[in-house]
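Please open the structure in your viewer and keep the selection tool at hand. The tour goes from one selection to the next, with a short account of what can be found at each stop.

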Amino acid sequence: MKTVKEIAAMTGVSVRTLHYYDEIGLLTPTGKTAAGYRLYDDKALETLQQILFFREFAIPLKEIKAILSNPTLGQNDILTMQRKMLVAQRERLTRLISSIDDILKGENKMDFAIFSKAEMEALFEQQYERMPEKLKRLAVEEFGSVEQWKKQYLEKVSTEEVQKKYAKMVEWYGGKEAYQDAAAHPLAKDVAESYGKRIETIFAKLAEKQNLPPDCFEVKEIIGEYGFIMKQLTQIKDETALMKYLAWFQNSEPTKSKIDKQHGEGTAAFIAQAITAFYGEI
């Protein structure tokens with residue numbers, strides 16, 4: 001067992017920070033001395049190591065707490081998550097280094113493409129395979145053939161505008177590999193429906209809290225749960241940008257009317273305010 005001062009000396013984390021982690025329930029001491037001083041065992045040190053790793057990626061403490069306290073995530077799950085984050089960071093750094101090298105050589109081509117033609121063809125095939133037969137027939141009737149449909153699809157997704165949208169999606173997922181994996185392995189229908197029910201339950205909870213300030217602890221706790229569910233549902237690395245988008249989308253027609261009809265007038269606007277209070281402006 002080690003004291004706060006010993007942990008601080010080992011890790012470089014200040015005593016005040018360790019006290020704060022205890023106060024918010026992020027890192028609870030294993031025990032205390034007779035005099036009331038905090039003590040930490042090896043397991044607590046492992047938890048601190050995981051916290052510090054996530055902090056290296058500027059992940060908010062509330063999200064770290066949600067990850068570490070999730071009973072469905074074991075140590076291997078967390079390590080796998082952290083590895084994906086490192087791989088994504090490595091890919092970003094490699095792209096940046098390559099761009100700088102091109103500039104130094106006078107070969108700055110301003111290449112905005114995120115996916116190669118082969119990768120975009122694979123994305124099309126994955127979408128086509130999962131599409132209901134009725135929609136397939138309608139698309140073929142509109143374009144004349146699957147090949148013509150595919151050709152127009154590739155022309156559209158090759159534009160700079162669409163590639164920039166893909167870039168944002170890749171950023172949310174933490175790398176091309178993670179995005180492609182999610183696209184290739186969508187959630188089963190029953191699992192997706194289960195998540196949908198959980199989200200509807202959250203909307204109902206928020207509807208009942210409309211008499212409270214959107215930035216109060218009770219409301220923030222529900223929004224934190226909402227964000228965590230969306231992160232699990234979409235398999236993205238950081239849900240912040242997605243949640244900011246949802247604050248706008250769910251308060252825009254026709255989604256706004258649908259939410260208000262189901263959960264009461266003003267619910268959509270309140271959800272948007274609560275998300276903004278938690279995650280910031282879009």
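Begin by selecting T240, M243, K244 and A247 in α13 together with A272, I275, T276 and Y279 in α15, since these are the residues through which the two helices meet in this predicted model. By class, the residues of this contact of α13 with α15 divide into five nonpolar, two polar and one charged. Now widen the selection to the whole of helix α13, residues 240-249, and of helix α15, residues 267-279, whose axes lie 8 Å apart and pack at an angle of about 150 degrees. That angle makes α13 roughly antiparallel to α15, and the crossing in which α13 passes α15 is left-handed.

Keep α15 selected and add helix α12, residues 217-234, which packs with α15 at an angle of about 85 degrees, the axes being 9 Å apart. The two helices, α12 and α15, are therefore roughly perpendicular to each other. To see the contact itself, show the side chains of V219, K220, I223, G224, Y226 and G227 from α12, and those of F270, A274, I275, A277, F278 and Y279 from α15. Coloured by class, the residues of the contact of α12 with α15 divide into nine nonpolar, two polar and one charged. While α15 is still on display, note that I275 and Y279 take part in the contact with α13, and that I275 and Y279 are also listed in the contact with α12.

Next, move to helix α1, residues 4-11, and select V4, I7 and A8, which are its buried residues. They cover an arc of only 100 degrees around the axis, which puts them on the same side of α1. Turn the view to the other side of α1, where K5 and A9 are exposed. To find what covers the buried residues of α1, add elements including β1 (2-3), α2 (15-23), β3 (38-40) and α3 (42-56). Before leaving this helix, select G12, which follows α1 and has a positive phi, near 85 degrees.

The next selection is α2, in which L18, Y21 and D22 are buried. Seen down the axis of α2, these buried residues fall within an arc of 100 degrees, so they line one face of the helix. R16 and E23 are exposed on the face of α2 that is turned away from its buried side. Among the elements that cover the buried residues of α2 are α1, β3, α3 and α4 (61-68). The residue to inspect after α2 is G25, which follows the helix and whose phi is positive, near 80 degrees.

With both helices on screen, compare their axes: α1 and α2 pack at an angle of about 115 degrees, with 9 Å between the axes, and their crossing is right-handed. The contact brings V4, K5, I7 and A8 of α1 against V15, L18 and H19 of α2, and by class it has five nonpolar, one polar and one charged residues.

Finally, clear the selection and view the whole chain, whose secondary structure comes to 15 helices and three strands. Of its 282 residues, 33% count as buried. Where contacts join residues at least 6 apart in sequence, 62% of them are between residues at least 24 apart.

Methods:
Residues are numbered from 1 along each chain as its sequence is written. This is a predicted model: local features need pLDDT of at least 70, side-chain atom pairs count only at pLDDT 80 or more; totals for chains, interfaces and linings use all residues. Side-chain values use heavy atoms; hydrogens and water are left out. Axes are lines fitted to C-alpha atoms, for helices over the stretch in contact, and angles run from 0 to 180 degrees between N-to-C directions. Helices (H or I, at least four residues) and strands (E, at least two) are DSSP runs, numbered from the N terminus. Angles under 35 degrees count as roughly parallel, over 145 as roughly antiparallel, 65 to 115 as roughly perpendicular and the rest as oblique. A crossing is left-handed if the near helix is turned anticlockwise from the far one by less than a right angle, and right-handed if clockwise. Contact means heavy atoms within 4.5 Å. Ala, Val, Leu, Ile, Met, Phe, Trp, Tyr, Cys and Pro count as nonpolar, Asp, Glu, Lys and Arg as charged, and the others, Gly among them, as polar. Buried means under 20% relative accessible area, exposed over 50%, partly exposed in between (1.4 Å probe, protein chains only). The arc is that of the directions from the helix axis to the C-beta atoms.
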